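Me: I am new to this structure. Please take a close look at one part of it, the salt bridge, and set it in the context of the chain.

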Amino acid sequence: MTTPENRAEKVVSAIKALLSDSARAHISDAQFEEMTIIVREAIGDELSAAADLVEQVAKKLRETAQESELGL
């Protein structure tokens, strides 16, 4: 399974590959590292939001199952 860290590194590597040599020369390694952290945090936020949605669906399914068991 791809971790958010690996995914962030892949995204930044893909961005680097799209940049011209002269553009890359203007961006330091520290700035690319900062970009990786920003992407990692964004991925983490999206994963958390997705987990929240799954929890909401699971809760609704449990409620529906309980209603069915009660004959409602």
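Reply: Buried residues account for 8% of the 72 residues in the chain. The model is a predicted one. Its chain exposes about 5,900 Å². Carbon and sulfur atoms supply 57% of that area.

The overall dimensions come next. The radius of gyration of the chain is 21 Å, whereas a compact globule of 72 residues would have one near 11 Å. Along the principal axes, the C-alpha atoms fill a box of roughly 70 × 20 × 15 Å.

Now the secondary structure. The chain has three helices and zero strands. Read from the N terminus, the elements run α-α-α. Helix α2 covers residues 21–25, and this is the part to look at closely.

Helix α2 holds both aspartate 21 and arginine 24. The two residues are three apart, which is about one turn of the helix. Their side chains meet in a salt bridge, with 2.3 Å from N to O. The cut-off for such a contact is 4 Å. The structure holds one salt bridge.

How open are the two partners? Aspartate 21 has a relative accessible area of 59%. That value is over 50%, so aspartate 21 counts as exposed. Arginine 24 has 28% relative accessibility. Arginine 24 is therefore partly exposed, because its value falls between 20% and 50%.

Last, the charges across the chain. There are 8 positive and 14 negative side chains. The centres of these two sets lie 4 Å apart.

Definitions and conventions. Residues are numbered from 1 along each chain as its sequence is written. This is a predicted model: local features need pLDDT of at least 70, side-chain atom pairs count only at pLDDT 80 or more; totals for chains, interfaces and linings use all residues. Side-chain values use heavy atoms; hydrogens and water are left out. Helices (H or I, at least four residues) and strands (E, at least two) are DSSP runs, numbered from the N terminus. Buried means under 20% relative accessible area, exposed over 50%, partly exposed in between (1.4 Å probe, protein chains only). The radius of gyration is taken over C-alpha atoms; the globule rule is 2.2 Å times the number of residues to the power 0.38. Accessible areas come from the Shrake-Rupley method with a 1.4 Å probe; for residues, only the protein chains shown count as cover. Lys and Arg count as positive and Asp and Glu as negative; His and the chain ends are not counted. The place of a charge is taken as NZ of Lys, CZ of Arg, CG of Asp or CD of Glu.
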